[in-house]
Each structure stands twice: as C-alpha cells, then as structure tokens.
Amino acid sequence: MEKIVILTGAGISAESGLGTFRDSGGLWERHRIEDVASPQGFARDPGLVQRFYNARRAASAEAVPNPAHLALARLQRDFPGEVVLVTQNVDALHEAGGATGVLHMHGELASALCAACGHRWTAPAEMRVAEPCPACSAPAGRPDIVWFGEMPYHMDEILAHLETCTCFAAIGTSGNVYPAAGFVQIADAAGAHCVELNLEASSVRSDFAEAREGRASEIVPLWVDEMLAEG
Ligand code: BV8
C-alpha cells in the first residue's frame with residue numbers, strides 16, 4: 001500500500017497572502033524570533049506576543065486556500081493509497097481547501113491553550129494578556145502555538161508515518177527549523193522517494209532525490225496530477 005507523507009511550510013500559504021518567515025519582508029524581520037515565538041518572549045512581553053498572534057489570526061481568517069491547498073485535498077481524496085498531511089503552518093488553509101486529518105505540528109492560530117491546566121478552546125479573534133481560561137479561570141491563556149524550545153505536537157504519529165511511507169514531499173518550507181527539517185532523512189532511510197517542491201532550494205535540498213522549483217500554486221497541482229496518473 002502506497003503512503004505519501006507531505007510536509008508543508010509557510011511557502012504554501014504565501015500565495016494566499018500570508019507572510020512567510022524568512023522571505024524578504026517576512027514576519028521575523030519585523031520581530032526578532034526570540035521575542036515572539038518563545039516562552040521566554042511571552043513571559044517577557046505577553047502583550048507583544050498576543051498582538052503578534054492576534055494580527056496573524058486576523059490575516060489567516062481573511063485568507064483563502066490557493067490551488068496548492070486544493071490540489072493536496074484532491075490528492076487525499078482520489079489517491080488509492082494513504083495521504084498524510086503534516087504542516088508547520090498555523091493557519092487553517094489546508095482544512096479550508098478540503099484536507100482532513102491535518103497534523104499541525106507547530107499548533108494552530110484558531111486554538112487557545114491554558115498554561116495552567118492544559119485546557120484547549122477555540123481562540124477568540126483577539127487574545128488578551130492574562131486571558132482567562134474557561135475551564136480553570138486562571139489568567140493563563142496563551143496561543144496554542146509550539147514556540148522555539150517547545151516540543152512539537154503529534155511527533156510520535158508523524159515519526160511512525162515517516163518510517164512507513166513510500167513517498168515524502170516537502171512543500172514551501174526552507175528547511176531551517178527542526179525537527180521538521182530532519183523528516184526527509186527519516187523518510188529517505190525508510191526507502192521513500194523524497195521530493196522537494198519549493199520556490200528555491202531549501203537548506204536540506206541535498207537530502208531529496210527529486211526537486212521541483214516554482215510557485216506552489218503552479219507546481220503542486222501538476223505534481224498531484226502526476227501522482228494520481230501513476231495511481
Ligand atoms: C524543539 C511557531 C526540542 C508558530 C515555529 C540547532 C540545530 C538544530 C535545532 C536547533 C538548534 N538550535 C535550536 C534548535 C531547535 C529549534 C530550531 O530548529 N531552531 C532553528 C532556528 C535552528 N527548534 C525548536 O525549538 C523546536 N522544538 O526542538 O524542541 C525539545 C525536545 C524535548 C523537549 C522539549 C523540546 C520547535 C520549532 C517550532 C518553532 N515554532 N513557529 C508560528 O509562529 O507560526 S517555527 C516557524 O518556522 C514556523 O512554524 C514555520 O513553519 C517554521 C519553518 O518556516 P517555513 O515554514 O519553512 O517558512 P520559511 O519562511 O522559513 O520558508 C518558506 C519557504 O517557502 C522558503 O523556502 C521560500 O522559498 C518558499 N516559498 C515562498 N513562497 C513560495 C514558496 N514556495 C513555493 N511557492 C511559493 N509561492
């Protein structure tokens with residue numbers, strides 16, 4: 001049974017108007033990484049961090065899926081084998097495009113987490129400093145986002161898929177952040193065919209057997225057509 005594991009990054013949402021992290025004018029350039037995407041940054045300036053994620057939550061709510069998101073949902077629907085979608089993205093564009101069972105390894109903007117009791121709830125459009133938890137009432141609500149130094153979500157499940165997949169595709173990711181950037185090595189060691197689809201070579205391009213360069217909205221639908229033709 002064929003199994004395709006797909007890892008997506010900010011590049012797949014770029015053409016939906018959501019900023020990427022490392023392209024010029026990326027999100028990080030306006031904020032130092034450690035100031036907004038780390039527990040230390042949140043402790044130091046929770047208002048800045050809540051504002052950063054409120055802005056991204058608002059932008060994400062306005063964005064619409066592009067042909068790359070739609071093509072991956074079509075692959076999931078029509079491919080005779082299993083298609084597992086893992087994303088580093090915290091937007092909901094894969095789901096909006098029709099994908100199911102998406103594994104958000106870096107969390108989701110639409111979710112809020114209580115740092116005191118671990119309760120999760122649907123995030124309000126704007127989260128405040130000391131956002132009260134609806135379950136335990138502690139003023140400990142935070143974005144349900146995996147920050148630097150925190151363990152990504154669903155790792156056991158993701159690793160099990162990587163070790164049993166026949167094809168691994170990385171789409172729209174620069175390969176700078178671990179453990180995601182190391183997934184290709186696990187899939188390759190398991191004998192999977194590894195392909196990178198990206199605007200330019202990622203930092204881990206040499207780990208891939210195949211690479212396709214271009215904008216995701218153009219090259220992903222073509223790749224999906226080929227995968228479905230192979231069947
Ligand atoms: C952990 C939060 C351990 C959500 C994010 C040294 C070596 C190895 C590792 C480390 C190290 N030092 C520190 C580490 C660990 C660290 C890390 O990797 N640091 C890096 C900077 C070196 N990793 C961690 O801390 C991780 N946790 O290791 O925990 C642990 C162990 C036990 C117990 C506890 C803990 C946690 C990592 C998660 C951090 N959170 N984001 C948010 O705010 O969104 S990471 C952040 O970067 C985003 O999630 C994003 O997804 C991710 C990666 O970025 P990309 O998605 O790749 O986006 P980027 O802009 O970089 O690239 C876009 C690409 O698309 C480009 O290549 C571009 O060319 C392309 N593109 C653009 N337009 C298009 C396009 N492609 C196609 N079409 C287009 N139109």
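Me: What does "near" a molecule mean here?
Reply: A residue is near a molecule if one of its heavy atoms lies within 4 Å of it.

Me: What kind of model is this?
Reply: A predicted model, where local features need pLDDT of at least 70, side-chain atom pairs count only at pLDDT 80 or more, and totals for chains, interfaces and linings use all residues. Residues are numbered from 1 along each chain as its sequence is written, and side-chain values use heavy atoms, leaving out hydrogens and water.

Me: How many residues surround the ligand, and which are closest?
Reply: 35 surround the ligand. Arg22, His106, Gly149, Ser174 and Tyr178 are the closest.

Me: What is the mix in that shell?
Reply: It has 16 nonpolar, twelve polar and seven charged residues. Gly counts as polar in that split.

Me: Which domains supply the shell?
Reply: Domain 1 (3-17 + 64-106 + 152-230) and domain 2 (19-62 + 107-145) each give at least three residues. The bounds come from an automatic or database domain assignment.

Me: Which atom of Tyr178 lies 2.7 Å from a ligand oxygen, backbone or side-chain?
Reply: A backbone N or O atom.

Me: And what about Arg56 and Asn198?
Reply: Arg56 has a polar side-chain atom 2.8 Å from an oxygen atom of the ligand. For Asn198, a polar side-chain atom lies 2.9 Å from a ligand oxygen.

Me: New topic. Is Gly141 buried or exposed?
Reply: Gly141 is buried (under 20% relative accessible area, 1.4 Å probe, protein chains only). Its value is 2%.

Me: What does Gly141 touch, beyond neighbours within four places in sequence?
Reply: Gly141 is in contact (heavy atoms within 4.5 Å) with Phe42, Gln50, Leu113, Trp121, Met127 and Glu131.

Key
Polar contact = N/O pair within 3.5 Å; in protein donor to acceptor, adjacent residues only side chain to side chain. Buried < 20%, exposed > 50% of the residue type's maximum accessible area, 1.4 Å probe, protein only.
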